[in-house]
Amino acid sequence: MKVALLGGTGAVGQRFVSMLSGHPWFDLTVITGKTSVGRRYGDLKWILEGEVPEEFRDLVIAENSIESLRGVDLVFSALPSREAREFERELMKRGIPLVSNASALRMDPLVPLVIPEVNPDHLSLIERQVELGIGPAATDPNCTTTVMTLPLKPLHEAYTLKRLNVASYQALSGAGYPGVPSYDAIDNVIPFIPGEEEKVQNESRKILGAIERGEIRMADFEVQATCVRVPVLDGHTVAIHAEFEEEVDPEEAANLLEGFRSEPQELELPTAPEQPIHVRTEPDRPQPRYDRNEEGGMSVVVGRIRRGSNRRSLLLTVVGHNTIRGAAGQAILLAELMRAKKLI
Ligand SMILES: NC(=O)c1ccc[n+]([C@@H]2O[C@H](COP(=O)([O-])OP(=O)(O)OC[C@H]3O[C@@H](n4cnc5c(N)ncnc54)[C@H](OP(=O)(O)O)[C@@H]3O)[C@@H](O)[C@H]2O)c1
């Protein structure tokens, strides 16, 4: 499939470019931008490890317009949300297949918000889009929501989640490039990330919600979140305190997490990790520096699994790569899942 990437020069855009290099199904032919329009991709500042993939060096950044997308079979979006709002709606209206990382469409009742291992069934919303003559469009969640919700899935399947208290320690790359000024970031912890806590609270309940009569019923557990920016380059850490209706055994919970597999693994999708959740038993893991690149950054790593203040409460810490599992890698995996289900 010929694919386009909107906003392809930023922190997430570059991850897409790196992960689409040599992809067996997706051929990246168009990259759009704003300030970089007309420039060669290879001449822009590359903020990832290694070099700009050879095959994209001569690609010239296109304007973000419908015109630029002619002949393209699928569009990935890494646009800033404000820029995505109107343009992504326009793509939906025109029936141009879209998989977006931006928050603009995430809470739209007609648009599936999907972590491929967690709620692949939500892609059935695309049938409703087709009936209405729009889409197909799907979104993947905010990076912190992804890292946190992936391990909650097997737990919420085995027990009933009642209340969540979470605190996130979020990497600088989560704010894009150049992102947080160094003067604010170094030697510091910033206890507020605009819009982040609301995203974590709403998106997790949509993802773990159920499809009923063609609509999503939000999961009815409570979520309280505190989101904090810390001087880590990549990798979000989330400390989770989960309360369930039933008693939870930490050892059993660890086994559920370690053994969790889902559709992307069964289908052996090209970007799927073999094991989406890895469990560490050392008392001082997971840590972003050591654990963010597990299975190429597509797995999250959970540790410190222990009982909380009563038998129904569980504490755990999870680390995941925000621009890979939390953004570009996950969007590519989602598109692979949609392709495997013949939705695009
Ligand atoms: N960073 C993360 O960890 C993360 C995780 C999950 C989701 N997201 C979401 O992913 C999106 C991108 O985030 P980011 O961190 O990559 O931001 P970023 O580093 O600030 O990059 C923004 C990109 O958008 C482009 N852009 C801005 N306005 C545009 C327009 N009107 N038309 C086309 N391109 C435009 C910029 O192009 P020029 O360089 O040409 O100006 C640049 O490539 C956001 O919606 C963000 O919320 C980010």
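Here a biologist asks a modeller about helix packing, ligand contacts and loops in a predicted model.

Biologist: Why is H4 called oblique to H7?

Modeller: Helix H4 covers residues 143–158, and helix H7 covers residues 250–259. They pack at an angle of about 120°, with axes 9 Å apart. Angles of 65 to 115 degrees count as roughly perpendicular, and over 145 as roughly antiparallel. The value of about 120° fits neither class, so H4 is oblique to H7. The crossing is right-handed.

Biologist: What makes the contact of H4 with H7, by residue class?

Modeller: From H4 come Pro-151, Pro-154, Leu-155 and Ala-158. From H7 come Ala-253, Leu-256 and Leu-257. Ala, Leu and Pro count as nonpolar. The contact of H4 with H7 therefore divides into 7 nonpolar, no polar and no charged residues.

Biologist: Why are H4 and H10 called roughly perpendicular?

Modeller: Helix H10 spans residues 324–340. The axes of H4 and H10 come within 8 Å and cross at roughly 95°. The class runs from 65 to 115 degrees. The angle of roughly 95° falls inside that range, so H4 and H10 are roughly perpendicular to each other.

Biologist: Which residues make that contact of H4 and H10?

Modeller: H4 brings Cys-143, Thr-146 and Leu-150. H10 brings Arg-325, Gly-326 and Gln-330. The contact of H4 with H10 divides into 2 nonpolar, 3 polar and 1 charged. Arg counts as charged, and Gly is among the polar residues.

Biologist: Why are H4 and H6 oblique to each other?

Modeller: Helix H6 holds residues 196–207. The axes of H4 and H6 come within 9 Å and cross at roughly 45°. Angles under 35 degrees count as roughly parallel, and the roughly perpendicular class runs from 65 to 115. The value of roughly 45° fits neither, so H4 and H6 are oblique. H4 passes H6 in a right-handed crossing.

Biologist: What residues meet in the contact of H4 and H6?

Modeller: On H4 they are Cys-143, Thr-144, Thr-145, Met-148 and Thr-149. On H6 they are Glu-196, Lys-199, Val-200, Glu-203, Ser-204 and Ile-207. By class, the contact of H4 with H6 has 4 nonpolar, 4 polar and 3 charged residues.

Biologist: Now the ligand. How many residues surround the ligand, and which are the closest?

Modeller: The ligand is surrounded by 28 residues. The closest are Thr-9, Lys-34, Thr-35, Ser-36 and Leu-79.

Biologist: What makes the pair of Leu-79 and the ligand a polar contact?

Modeller: A polar backbone atom of Leu-79 is 2.6 Å from an oxygen atom of the ligand. The cut-off is a pair of N or O atoms within 3.5 Å. The distance of 2.6 Å is within 3.5 Å, so the pair counts as a polar contact. For Lys-34, a polar backbone atom is 2.7 Å from a ligand oxygen atom. For Gly-10, a backbone N or O atom lies 3.0 Å from a ligand oxygen atom.

Biologist: Which peptide bonds are cis, with what omega?

Modeller: One joins Gly-135 and Pro-136, with omega about 5°. Pro-136 lies in the loop between helix H3 and strand S6. Another runs from Arg-285 to Pro-286, with omega near 10°. Pro-286 lies in the loop between strand S12 and helix H9.

Biologist: What is phi of Glu-295, and where is Glu-295 found?

Modeller: Phi of Glu-295 is near 45°, a positive value in a residue other than glycine. Glu-295 is found in the loop between H9 and strand S13.

Notes. Residues numbered from 1 in each chain as written. Predicted model: local features only at pLDDT ≥ 70, side-chain atom pairs only at ≥ 80, totals over all residues. Heavy atoms only, no water. Axes fitted to C-alpha atoms, helices over the stretch in contact; angles between N-to-C directions. Helix = DSSP H or I, 4+ residues; strand = E, 2+ residues; numbered from the N terminus. Left-handed = near helix turned anticlockwise from the far one by under 90°. Contact = heavy atoms within 4.5 Å. Near = heavy atom within 4 Å. Polar contact = N/O pair within 3.5 Å; in protein donor to acceptor, adjacent residues only side chain to side chain.
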